[in-house]
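Please look over the sequence and the 3D view below. This report walks through the core, a hairpin, three residues and the spaces between atoms.

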Amino acid sequence: MVPFHSLMKRLAAASLMVLAVLAVASCKEKKRDYIIVSHKPIVVKSNKPKSMGDMSQSREINWLGQTYKLTMSLRSDTSLPLASDGEQKYYDNRITLRILRSDGSVFFDRTFTKADFKSYVNGQYYDNGALLGIVFDKVEGNNICFAASVGSPDKSSDEFVPLVLKVSNTGGVSVSQSAMTDE
């Protein structure tokens with residue numbers, strides 16, 4: 001038989017041990033259920049007009065038995081009325097076309113804007129569109145023919161009016177709608 005005094009010591013030790021375990025357990029951080037709420041980012045569209053991108057190109061051609069260098073330079077122009085694709089505003093373009101003789105002298109030098117093509121495009125393309133480009137097409141007799149276009153400033157759009165710009169050997173300019181026009 002265990003003496004009473006020894007039993008009390010064991011009981012006291014066990015009680016202290018239980019209290020110690022409870023004390024340690026109560027100090028331990030409780031696991032909490034966290035609810036993570038994430039908000040979808042709000043895409044803020046810029047109200048600033050975009051530039052369609054500046055570009056330059058040059059090439060040599062043979063015309064009327066001579067070699068000529070053609071240079072086209074497209075630049076966004078903040079002074080022109082803005083173009084729009086319905087959602088985004090864009091700066092319209094100004095295109096400088098130069099034709100240089102083989103000796104480097106200037107035969108033709110003119111800067112075009114959408115206004116130069118106003119009578120060849122309908123109101124929607126003129127009001128909201130931009131001058132998209134002028135590129136060399138072919139030599140046709142006394143004329144150098146260029147493809148020009150006015151239309152939607154959105155690069156992914158295929159909405160534009162194709163035009164033909166001709167520069168004659170006297171430096172005269174004529175514009176007409178291209179036979180490819182759907183209108």
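Two strands pair if DSSP finds at least two bridges between them. Keep that rule in mind for the hairpin. One caution comes before it: this is a predicted model.

**The hairpin**

Strands E7 and E8 run antiparallel, and nine bridges join them. Gly133 stands opposite Ser149 in E8. Two residues lie between the strands of this hairpin. Gly141 takes a positive phi near 65° there.

Asp137 is found in strand E7. Leaving aside residues up to four places away in sequence, Asp137 touches Cys145, Phe146 and Ala147. Is Asp137 buried, partly exposed or exposed? Asp137 counts as partly exposed because its relative accessibility is 47%, and partly exposed runs between 20% and 50%.

**The nonpolar core**

In soluble globular proteins, nonpolar side chains tend to be buried together. Here the largest nonpolar core has 28 residues. Which of them touch the most other members? They are Ile99, Phe117 and Phe146. Several elements give two or more residues to this core. Among them are strand E1 (55-63), strand E2 (66-77), helix H2 (123-128) and strand E9 (160-168). Strands E7 (130-140) and E8 (143-151), the two of the hairpin, are also included.

Take Phe117 as an example. Its neighbours within four places in sequence are left aside here. Phe117 is then in contact with Phe112, Leu131, Ile134, Ala148, Val150, Leu163, Leu165 and Val175.

**Asn93 and Tyr91**

Asn93 sits in strand E5. Asn93 is buried because its relative accessible area is 1%, and buried means under 20%. A polar atom of the Asn93 side chain lies 2.8 Å from the backbone oxygen of Leu131. Not counting residues up to four places away in sequence, Asn93 touches nine listed partners, including Met52, Leu74, Phe112, Leu131 and Leu132.

Tyr91 lies in the loop between strand E4 (89-90) and E5. Tyr91 is partly exposed, with a relative accessible area of 22%. Beyond its neighbours within four places in sequence, the contacts of Tyr91 include Pro49, Lys50, Ser51 and Met52. Ser76, Asp77, Thr78 and Leu82 are also in contact with Tyr91.

Distance along the chain is one thing, and distance in space is another. The table lists both for two pairs.

| Pair | Apart in sequence | C-alpha to C-alpha |
|---|---|---|
| Asp137 and Leu165 | 28 residues | 9.4 Å |
| Tyr91 and Pro81 | ten residues | 7.4 Å |

**Cavity and pocket**

How many cavities of 30 Å³ or more does a search of the whole structure find? The search finds one. The largest cavity has a volume of about 40 Å³. Its lining is made by Met55, Met72, Ser73, Leu74, Ile95, Gly133 and Ile134. E2 and E7 are the elements that give two or more residues to this lining. The largest share, three residues, comes from E2.

The largest pocket has a volume of about 430 Å³. It is lined by 27 residues. Leu132, Gly133, Ile134, Val135 and Ser149 are the closest to its centre. E7, E8 and E9 each give two or more residues to the pocket lining. Which element gives the largest share of that lining? E7 does, with five residues.

Now go back to Gly133. Gly133 stands opposite Ser149, lines the largest cavity, and is among the residues closest to the centre of the largest pocket.

Notes: Residues numbered from 1 in each chain as written. Predicted model: local features only at pLDDT ≥ 70, side-chain atom pairs only at ≥ 80, totals over all residues. Heavy atoms only, no water. Core = buried A, V, L, I, M, F, W, Y, C linked by side-chain atoms within 4.5 Å. Buried < 20%, exposed > 50% of the residue type's maximum accessible area, 1.4 Å probe, protein only. Helix = DSSP H or I, 4+ residues; strand = E, 2+ residues; numbered from the N terminus. Contact = heavy atoms within 4.5 Å. Polar contact = N/O pair within 3.5 Å; in protein donor to acceptor, adjacent residues only side chain to side chain. 1 Å grid on protein atoms, 1.4 Å probe; cavity = no way out; pocket = protein on both sides within 12 Å on 5 of 7 lines; lining within 4 Å. Points joined across faces, edges and corners; volume = space filled by probe spheres on them.
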